[in-house]
Protein chains: 4
Amino acid sequence: MAMVCLSDFEAYAKKYLPKIAWDYFAAGADDCTTRDENILAYKRIHFRPRMLRDVSVMDISTKILGSEISFPVGIAPTGFHQLAWPDGEKSTARAARAMNTCYIASTYSTCTLEEISAAAPGGLRWFQLYIHRNRAASQQLVQRAEALSFQGLVLTTDVPYTGKRRDDVRNGFRLPPHMKVKNLERAFEVCKMSPLDPSVTWNDIYWLRSLTRLPIIIKGILTREDAELAVRHGVQGIIVSNHGGRQLDEGPATIDALVEVVEAVRGRVEVYVDGGIRKGSDVLKALALGAKCVFIGRPALWGLAYKGEEGLQGVLRILQDEFRLSMALAGCASVSEIGQHLVQFSKL
Amino acid sequence: MAMVCLSDFEAYAKKYLPKIAWDYFAAGADDCTTRDENILAYKRIHFRPRMLRDVSVMDISTKILGSEISFPVGIAPTGFHQLAWPDGEKSTARAARAMNTCYIASTYSTCTLEEISAAAPGGLRWFQLYIHRNRAASQQLVQRAEALSFQGLVLTTDVPYTGKRRDDVRNGFRLPPHMKVKNLERAFEVCKMSPLDPSVTWNDIYWLRSLTRLPIIIKGILTREDAELAVRHGVQGIIVSNHGGRQLDEGPATIDALVEVVEAVRGRVEVYVDGGIRKGSDVLKALALGAKCVFIGRPALWGLAYKGEEGLQGVLRILQDEFRLSMALAGCASVSEIGQHLVQFSKL
Amino acid sequence: MAMVCLSDFEAYAKKYLPKIAWDYFAAGADDCTTRDENILAYKRIHFRPRMLRDVSVMDISTKILGSEISFPVGIAPTGFHQLAWPDGEKSTARAARAMNTCYIASTYSTCTLEEISAAAPGGLRWFQLYIHRNRAASQQLVQRAEALSFQGLVLTTDVPYTGKRRDDVRNGFRLPPHMKVKNLERAFEVCKMSPLDPSVTWNDIYWLRSLTRLPIIIKGILTREDAELAVRHGVQGIIVSNHGGRQLDEGPATIDALVEVVEAVRGRVEVYVDGGIRKGSDVLKALALGAKCVFIGRPALWGLAYKGEEGLQGVLRILQDEFRLSMALAGCASVSEIGQHLVQFSKL
Amino acid sequence: MAMVCLSDFEAYAKKYLPKIAWDYFAAGADDCTTRDENILAYKRIHFRPRMLRDVSVMDISTKILGSEISFPVGIAPTGFHQLAWPDGEKSTARAARAMNTCYIASTYSTCTLEEISAAAPGGLRWFQLYIHRNRAASQQLVQRAEALSFQGLVLTTDVPYTGKRRDDVRNGFRLPPHMKVKNLERAFEVCKMSPLDPSVTWNDIYWLRSLTRLPIIIKGILTREDAELAVRHGVQGIIVSNHGGRQLDEGPATIDALVEVVEAVRGRVEVYVDGGIRKGSDVLKALALGAKCVFIGRPALWGLAYKGEEGLQGVLRILQDEFRLSMALAGCASVSEIGQHLVQFSKL
């Protein structure tokens, strides 16, 4: 089977992953409307391609928070990579480093931060944090990440409680006994009483700030009001995200929310987006609308499910090639030439 | 079979109810466009969720006409509950009381008001009235309801004649011989010459007013003009309703009409809505658009069909849990924080 | 099989008519887009129903060009009724008279005007005319119609050439040998060199005017410009029509064009509409948007195909009952209360 | 099997062509969204047909760059006609001449320009050029075309790199060994390192201008900005095209882009369009929106696949008949009467 586009990896993963793992990765909240809207919303954006520009030399690299990456696609934080591939997050880290891009490791990794770090020394990595009821646990995680040279701290804001994913309830989803959420002292079970703290507020950004010198990136912002609050509370970056449609169903598609957030932020901090990226041209659209970089969630898991590190590299390479080709066909030879003029929203 | 969401109850009811009963409950007028639009219209409303609000302590209770209910979902008036479960409206009354919410008993109940009242003493109940050609019959019903401590009188306005529900015509629908519309002196048959009075006008509100001290809630309003008339005629509440799409087909979805009615009413009376509520997030949308409470029709019948009182409690508990979770994920810790800023209508 | 709505008649006709006849009646031009749009466009119009109006006494009668009809639905001109029922247009004339409504007999009838007239003496009938290359033939037809007490002359304007109906071409459609277009001296074959005159212009209205004292109704108008021209050339009525989608594909749905035409006409002549009427509520929508009466084409043929005169009466009676019920549920007790306030175009 | 409309030819070609050839011709880039949008966009344009105009004498001929053609439909440049029919482009040239219209021969023809020219002496032909890395090769082609009496030079601008057509990648598409891209000195393989020059810019128009006296038509323009640049750089015509949706996916449908380009050009040069033409009424819409002529790509290949020269004539004749009929039914007797007043964009 030739792996020509990301859908090929999706089909493979659906076929070969255990149903309970596929369902967990695929799940959206409630009716999965937002999960699917994330993808459909890209279809409503059209390019306005420009002709006869010299695109013989293409430069698709960019920088995020000062670090160069080979192209503007990173790995979004997702949990439980061992469900997709035995080496779990170690494979993810290696693939990201091989492709010279950024990997945001999840609190809910099935490898420790130390294992991730050791698997791919020197790779660009950020650490994704949930603030726990047990604040000491969170503080310890932040400090471990900093010590391990993670270069950014991503605070997820959209999980005061876990979204209702019907298939997980039906399947009685829980990690197989041989996997653990190793970053936390004692393993805990998903879908039980959550250890996450639903009382977290904007003031906790100051608390985080006090713990670390790492730049803080806030993930889960969908409105101009919250974007403004994020900037005012001193974050360095914003990831426009709806958690892959796994939390509140029927919120906005992230590419639509991106427009609102970018407008509110007015360049004061970097803005990224995740959710619904399936083609290189989606990356181009997101950048045209103001994202500095995009992050992929499920496609990375499909890549892992296919062939671990090599499979994920395959996914990233396809996106890279498609992104480069889309840029060229739209008339852009470098990321700096990408702008809002390249796209328009369909009136339909 | 796990009952995870309301669709599970629907599937059960469709499978296990006699076809003639399922068809009767499911029926919409003509092409069933409005019945289905009631649901689809909710999909066109998106949330604008807010992050990092303290949602550790959730209060989802509210008040309707001064009575506290545990969450803003009541039971809409529907007929013939014995078609769904042998104990009929007695089970409904018990489930509503157990969940501490309001049950609007229909004139077309298969139990008497007295039986309903005795089944769940102390429960919050309103009585739904059709004005009959025989005004004395209606007057007697109102006075029985008041004597039995029903706390509101709901006047249905959209049935001067019964809507054309094709399946009922094909099935030759009528109640099985062992069931009766017990509240009326002599049983009558649906789909024959209706006992309802098609000459009722706004002036009859004054007549009703003269019969009872109960608050009058008017049900079936879909336009700003009628909302204004309702307020001027002194009602205490308005239920925006299209009778579940069973009367005039191709009128507005109720959630769309709600916006118009709320705008016209300007807070002078309480406004409620029924039709199309299938998830907790639908409740949140309705409240964001100005409803004080929603009422469920068919889902209550599915719950009854599944396991009587216990089944209906199951339906209500799912809605309650989903509503609480949606509120939290949207950043609201209490009903008073819900407002129009939480939603936007999709441009598509 | 119960005949509950017009779709039941359609299903019957599709099942029992010879394929070549069904295909001929069902055919639309090219991709059949306009044929189908005629129906879909009604779905985009919503009612704004009003409550608590006295609808105990319903009057659904109206007048067209001074003649009273029992309800505002007439029979549009369609050809070849013998393809649907052996008695052909004689049955149509009888059914229309029985229901006290107007029947527009087609030039392409398989009975003569004299036979139609004799079959139902005293019925309200208009005669539909194509202007032929042989003007004497047309003149003779007009004068026969007038002599036979037809009370209106309907000039069809949208057939300078016959539309391309793919199925008719594939089927090699032609009348069976025992049927004839009897109104014309010598039978001619459809789908060969047309006898219709493609050089007809507005000036020919004056020529027609000179031939007869009958009111002239012009059929096939779809734009404000042509509506204005029609009024200026002295016609008494306009039928907004796209020939059931059988001529130019991808023109406007007739209910959409009606709005434009009514606006242009400003009450100077009566405006009617055909195409896409399938329910009584469609009639109500058309009247709310300014039509004085609607005409049905294919549904009349389905009625004939079911049981001749009796079948067509069945179709008309369903529309009548549905129209009356829709009016009542929308809060109108008589046709004069119907107005634009009753409807709104969906924004979707 | 009767060939009644273009879809009939499409179905034939799909059935009888080798899969690899069908896939190559049918392919669109990525998700094939733009390929399909080209067709769908025509459906969103409605006619405003006018009645009672004298359409007894129809003139559907027009001129492009001064040359008369029998009707405004030419043959767009597509490659590898031998994949569809053994005689390849020779058949295409003969059919175009027989129908008295323009054929744009592709650089990627499987016959030489000399063979094409000899097959149909005197036919109106333009030559389509890609600018190669090897400029001498391009110069030689231009000069051969001019010497062979080609009357226009069409510069394709949207292929700095080849679009990603998934099926071609899966199939490992390449020409069968007995076919060659004969116009180029040495055959080259598609889907390998492209000989096309991605550094071409607007300045190369001046270089082309210096090579030939032929009018230069620029193909692939989709925005007002590029249309303005094209005019300023002295081209004689613009073909609004997205390469049949084979290059950048999710750009605009060509009929939508046509409006923008025509507006920008303000009559200074002729504007043509290709992509999505499947019916004569599509041609009428394109002309109403300002195109001087349309060009067909895939339908020409289906015609060839059916019966070579005769098949392609069949396709053209159907379009001609449908175009003439659409014009007449819309009230236009000659191409000069076609204008924007004939169409309107659907609000849906």
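Two residues are said to be in contact here when they have heavy atoms within 4.5 Å. In this predicted model, the contact between chain B and chain C takes 37 residues from chain B and 30 residues from chain C.

The size of an interface is often given as the accessible area lost when the parts come together. For chain B and chain C, that buried area is about 2,900 Å², and 59% of it lies on carbon and sulfur atoms. Charged and polar groups also meet across this contact, as the following counts show.

| Feature between chain B and chain C | Count |
|---|---|
| Salt bridges | 11 salt bridges |
| Polar contacts (both at pLDDT 80 or more) | 17 residue pairs |

One of the salt bridges joins Glu260(B) to Arg48(C), with 2.2 Å between their closest N and O atoms. On the side of chain B that touches chain C, helix H7 (166–171), strand E8 (216–221) and helix H9 (224–232) each supply at least two residues, and the largest share, four residues, comes from H9(B). Sorted by character, the residues on this side of chain B are 14 nonpolar, 10 polar and 13 charged.

How are the two chains placed relative to each other? A turn of 90 degrees, with a shift of 0.0 Å along the axis, lays chain B on chain C with an RMSD of 0.0 Å, which is the relation of a four-fold axis. The copies nevertheless use different surfaces in their contact, for 3% of the contact residues of chain B recur in chain C.

Terms used
Residues numbered from 1 in each chain as written. Chains lettered and ligands numbered in written order. Predicted model: local features only at pLDDT ≥ 70, side-chain atom pairs only at ≥ 80, totals over all residues. Heavy atoms only, no water. Buried area = accessible area lost by both parts, 1.4 Å probe. Salt bridge = Lys/Arg side-chain N within 4 Å of Asp/Glu carboxyl O. Polar contact = N/O pair within 3.5 Å; in protein donor to acceptor, adjacent residues only side chain to side chain. Nonpolar A, V, L, I, M, F, W, Y, C, P; charged D, E, K, R; others polar. Least-squares fit on C-alpha atoms with pLDDT ≥ 70 in both.
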